[in-house]
Amino acid sequence: MTARPRAPRPRPASLTVSLLAPAAVVALLAGCATSEPAASAGTADTSASGGTRTVDTAFGEVELPADPQAALGVYTTDIDMLVTLGVPLAGKQPIRDEGYTAFPSFFDQAALADVETFENFPEYNYEEMLTAEPDVILNGLGYDADLVAKLPEIAPTYSYDGFDGGDWRDRFAEIAVAFDREDEHDAWVEKYEAKVAEVRAALDAADVHPVVAPVGYWDGSVTASCYGMPCLVFKDLGLEIPEYADSWDGTVYSLEQLEALSDVDVMFASDAPGADGAIPDPFAEIEGNALWSALPAVSSGNVVRYDMEMNYGSPSGQYAFLEVVEKALLP
């Protein structure tokens, strides 16, 4: 979203503000009341007037511009949603650090070609967000109440929790309604579902039906879990996921328990890409472990690496991961 390295779920971070921050930033940081989530989420009020739209969010009603021209996405997944929905962007947008110096390679690079970047995760850079001069903000880090409270001091903000363990596509549909971009949302759904049907038909034709699992390594343990987006694609394709991996938290195994993963035919593992764009081996530290090396997926070379930014759920990320799975299972 500092991030949990095994499957980097964001968590509240510290603030980054220059000593020469504008007065508006100083006032912003002086302290805003914490917002409490409301019961409703993501439907637009049809009585839009005066150039604004009143929309319901998980944090109460918000007045959004009816025709935004300079939207800001707080996290990279927010930017991808805005681009997919055709919402014009502010000329400056955030990226995360921890290995990233640009937008993820699977985003629409043409749409982002003239956009400047600044780091905004795991530390929030309110000064840069302010100088981007957005007329609306999309914030998927709704788990951070302080951030939710402060962002409206910069611009009208639609906040939601994109890391609540649910299907990100539900939030995306609500955002499309709030921004009056349902046609663009439906176009992406149609494109994605057509690709799913194509890949699924090819898997059936080739009689390829492996057991799959997202697997990661951190601090001496291996985790199999459905954190984030990958299992959404697996389920759309009708692939089998072991029960021990089929949950948000999954199961953590010590290096003495790795035989438990012997029923997995293909493992999918993520990390931040290197300077050359290649994904490093997340399991390099344990490549000499006999139990790890003996696992069928490992010994057969069926450990598939992909960009960890796909995990967090966005239109380009989900489509790109679908293509990763297609390439891995139907070479």
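Visitor: Let's start with a helix. What covers the buried residues of α6?
Guide: Keep in mind that you're looking at a predicted model. In α6, the buried residues are H185, W188, Y192, K195, V196, V199 and L203. Their cover includes α2, α5, α7 and α10.

Visitor: How far apart are the end C-alpha atoms of α6?
Guide: Helix α6 has 24 residues, and at 1.5 Å a residue these should span 34 Å. The model agrees with that expectation, because the end C-alpha atoms of α6 are separated by 34 Å.

Visitor: And which residue just after α6 takes a positive phi?
Guide: Most residues other than glycine have a negative phi, so a positive one is worth a look. Just past the end of α6, phi comes out at about 55 degrees, and the residue is D207.

Visitor: Where is D180 found, and is D180 buried or partly exposed?
Guide: D180 isn't a glycine, yet its phi is positive, at about 60 degrees. It is found in the loop between α5 and α6. With a relative accessibility of 47%, D180 counts as partly exposed.

Visitor: Is E133 buried or exposed?
Guide: E133 sits in the loop between α3 and β6 (136–139). Its phi is near 55 degrees, a positive value in a residue other than glycine. The relative accessibility of E133 is 63%, and the cut-off for exposed is over 50%, so E133 counts as exposed.

Visitor: Which residues does a cis peptide bond join?
Guide: Most peptide bonds are trans. In this model, a cis one turns up with omega at about 10 degrees. Its proline lies in the loop between β5 (116–121) and α3 (126–131). The two joined residues are F121 and P122.

Visitor: Why is α10 largely enclosed by the rest of the structure?
Guide: Look at P315, S316, G317, Q318, Y319, A320, F321, L322, V324, V325 and L329, which are buried in α10. Among the elements covering them are α2, α5, α6 (182–205), α7 (230–236), β11 (266–271) and β12 (303–307). The helix is largely enclosed because, of its 15 residues, the number buried is 11.

Visitor: How far does α10 reach from its first C-alpha to its last?
Guide: Helix α10 covers residues 315–329, so at 1.5 Å a residue the expected span is 21 Å. The model comes close to that, with a reach of 22 Å.

Visitor: What does N311 touch, leaving out residues up to four places away in sequence?
Guide: N311 is in the loop between β12 and α10. At 4% relative accessibility, N311 counts as buried. Beyond those sequence neighbours, N311 touches G228, M229, P230, S270 and Y306.

Visitor: Now for empty space. Which residues lie nearest the centre of the largest cavity?
Guide: The largest cavity has a volume of about 80 Å³. Its lining divides into 7 nonpolar, 6 polar and no charged residues. Of the 13 lining residues, those nearest the centre are G162, G166, G228, W248 and Y312.

Visitor: Which elements give two or more residues to the lining of the second largest cavity?
Guide: This cavity has a volume of about 50 Å³. T77, M81, Y160, G162, F163, W168, R171, Y312 and G313 line it. The elements giving two or more of these residues are α2 (76–84) and α5 (168–178).

Visitor: What about the second largest pocket: which residues are closest to its centre?
Guide: That pocket has a volume of about 270 Å³. By class, its lining has 9 nonpolar, 5 polar and 1 charged residues. Of the 15 lining residues, the closest to the centre are S105, P273, G274, G277 and D307.

Visitor: What distance separates the C-alpha atoms of E98 and P273?
Guide: E98 lies in the loop between β4 (92–96) and β5, and with 32% relative accessibility E98 counts as partly exposed. Along the chain, E98 and P273 are 175 residues apart. In the model, their C-alpha atoms are separated by 10.0 Å.

Visitor: Last one: over which residues is the pLDDT below 50?
Guide: The protein averages a pLDDT of 87, and 85% of the residues score at least 70. The stretch below 50 has 121 contacts in the model, beyond near neighbours in sequence. That stretch is residues 1–50.

Conventions
Residues are numbered from 1 along each chain as its sequence is written. This is a predicted model: local features need pLDDT of at least 70, side-chain atom pairs count only at pLDDT 80 or more; totals for chains, interfaces and linings use all residues. Side-chain values use heavy atoms; hydrogens and water are left out. On a 1 Å grid over the protein atoms alone, a cavity is a set of points where a 1.4 Å probe fits but cannot get out, and a pocket is an open set with protein on both sides within 12 Å along at least five of seven lines; lining residues have an atom within 4 Å of a point. Grid points are joined across faces, edges and corners, and a volume is the space filled by probe spheres set on the points. Ala, Val, Leu, Ile, Met, Phe, Trp, Tyr, Cys and Pro count as nonpolar, Asp, Glu, Lys and Arg as charged, and the others, Gly among them, as polar. Helices (H or I, at least four residues) and strands (E, at least two) are DSSP runs, numbered from the N terminus. pLDDT is the predictor's confidence in each residue, from 0 to 100. Contact means heavy atoms within 4.5 Å. Buried means under 20% relative accessible area, exposed over 50%, partly exposed in between (1.4 Å probe, protein chains only).
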